[in-house]
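Open the structure in your viewer and keep the selection panel at hand. The tour goes from the whole chain inward, one selection at a time.

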Amino acid sequence: MNIHEYQAKELLRSYGVPTPQGIVVHSPDEARDAVRSLPKGLCVVKAQIHAGGRGAGHFKDHPDVRGVQRVHSPDEAKTAAYQMLDRTLITRQTGPKGRVVHKLYVEAGCNIERELYFSMLVDRALRRIVIVASQAGGMSIEDVAEKTPEKILTVSIDPQLGLADYQSRVLATHLGLQGGLINDFAKIVRSAYTAFISLDASMIETNPLVVTKEGTLLALDAKMSFDDNGLFRHRQLLELRDPNEEDPREQDAARFGLSYVSLDGTIGCMVNGAGLAMATMDIIHEEGESPANFLDVGGGASREKVSAAFRILLSDPEIEGVLVNIFGGIMRCDLIAGAVIDACKEVGLKVPLVVRLAGTRVEEGLSLLEKSGLNVSVATDLGDAARKIVAAVRSRRTA
Ligand code: ADP
Ligand code: MG
């Protein structure tokens, strides 16, 4: 689960990470009032979406308007808010579709001396939390990693020993910090690490963490993600969820206890078992097309659950074909077939459907599909299924 910048800052602040003072607003008038109540001088109005690159991003149909704007008066803040609210912001991270801005964060501005990069995340290969730091902050870290990897220092934390102070000092040296800032930085690392562990976070990123002209450190941007599997331990975090930022199909699927992830391709997949679902996606790629989703209906799903899964899958407007790949172990093939037929009759199937069934009650399943009168083609194995759906999708495109 991801949260907004203002929420991440609030959490990090409560653990001791210094951040500028700020107020979240929902209207131009509120933005004006926010600037009135913040200390006099520069303020910054920032679009709140679950994506970075806002400062360099622009609004749809307004190429000159950015997602982070510096303002010097309450009225300027009002104008900036008017330009941003309810409009679509396009950044490198949102993709070309962009995201609609529903909230803004109005923040006290600061005098930046240097912009640094500082983050913490789980490195799955190392099976450790790692800290990543770079002097090249403020810009896209992906570019830094590609063009000047030597500017990035990564330090991993031993889970038995925890974060050691010397590691923070090594990072501080790499960042070129001196004097009292070394200790200030060590405190920030310690606070962020405590937040990371206590909240089952999977990522904390401050880009930039700045050295101000006054000689202090401040997290000017903040991003946080949490491990969904740890959320049951942190009910308070669930309240930070923003439905506007989540894929409606993913939300629907979550209500039915289904594992569903929206993807960019056009072939909808319904599979049982995460491993088989991954293999199905791979083999679709192998045939030269892309999956529209990952969907694992699980082992012992009911007919209602499977039928809901199929409906959710079909509701994706980008879909050009559907591949059902079920290995019936605990799951019965006839139950799957029945659920697919139900869902198709309910919503109307407008795209080609290829079904590959194997295992428990496969004959019953196949005969149900045959008798259903649906336009479904049956595949003998996974390779055959992928070839058939790709061929069907392509011939429909050229038809
Ligand atoms: P994004 O990463 O989405 O572009 P940031 O929060 O990093 O958004 O803001 C972009 C840039 O705007 C920062 O690198 C910084 O230079 C400037 N900025 C952001 N917040 C402030 C602030 N409170 N005061 C001064 N400058 C800011
Ligand atoms: Mg940033």
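**Whole chain.** Begin with the surface. The accessible surface of the protein chain is about 19000 Å², and carbon and sulfur atoms account for 51% of that area. Remember that this is a predicted model. Now switch to the C-alpha trace. Along its principal axes it spans about 75 × 50 × 40 Å. Turn on the cartoon: the protein chain has 13 helices and 20 strands. Colour by burial next. Of the 399 residues, 50% are buried. Contacts reach far along the sequence: among those between residues at least 6 apart, 70% join residues at least 24 apart.

**Helix α1.** Select residues 5-14, which form helix α1. This helix is mostly covered, with 7 of its 10 residues buried. Show the side chains of Glu5, Tyr6, Gln7, Ala8, Lys9, Leu11 and Leu12; these are the buried ones. Charged names appear in that set, Glu5 and Lys9. Step just past the helix to Gly16, where phi is positive, about 105°.

**Ligand 1.** Centre on ligand 1 and select its shell. There are 17 residues around it, and Lys46, Arg54, Gly55, Glu107 and Glu115 come nearest. By class, the shell holds 7 nonpolar, 5 polar and 5 charged residues. Which strands each supply at least two residues of this shell? Pick β2 (43-47), β8 (104-108), β9 (112-123) and β12 (201-212).

Now draw distances to oxygen atoms of ligand 1:

- Arg54: a polar side-chain atom at 2.7 Å.
- Gly55: a backbone N or O atom at 2.8 Å.
- Asp221: a polar side-chain atom at 3.0 Å.

How much of ligand 1 does the protein bury? Taken alone, ligand 1 exposes 540 Å², and the protein buries 87% of that.

**Nonpolar cores.** Hide the ligand and select Phe118, Met120, Leu177, Phe185, Met224 and Phe226. They have the most contacts inside the largest nonpolar core, a set of 40 residues. Add helix α6, residues 180-198: 8 core residues come from there, the largest share. Zoom in on Leu177. Leaving aside residues up to four places away in sequence, Leu177 touches Arg114, Leu116, Ala172, Ile182, Phe185, Val211 and Leu217. Phe185 is thus a stop you have already highlighted.

Last selection: Val322, Leu335, Val362 and Leu369. These belong to a second, separate core of 36 residues.

Technical notes. Residues are numbered from 1 along each chain as its sequence is written. Chains are lettered from A and ligands numbered from 1 in the order in which they are written. This is a predicted model: local features need pLDDT of at least 70, side-chain atom pairs count only at pLDDT 80 or more; totals for chains, interfaces and linings use all residues. Side-chain values use heavy atoms; hydrogens and water are left out. A nonpolar core is a set of buried Ala, Val, Leu, Ile, Met, Phe, Trp, Tyr and Cys residues joined through side-chain atoms within 4.5 Å. Buried means under 20% relative accessible area, exposed over 50%, partly exposed in between (1.4 Å probe, protein chains only). Helices (H or I, at least four residues) and strands (E, at least two) are DSSP runs, numbered from the N terminus. Contact means heavy atoms within 4.5 Å. A residue is near a molecule or strand if one of its heavy atoms lies within 4 Å of it. A polar contact is a pair of N or O atoms within 3.5 Å; within protein, one must be able to donate a hydrogen and the other to accept it, and residues adjacent in sequence count only if both atoms are side-chain atoms. Accessible areas come from the Shrake-Rupley method with a 1.4 Å probe; for residues, only the protein chains shown count as cover.
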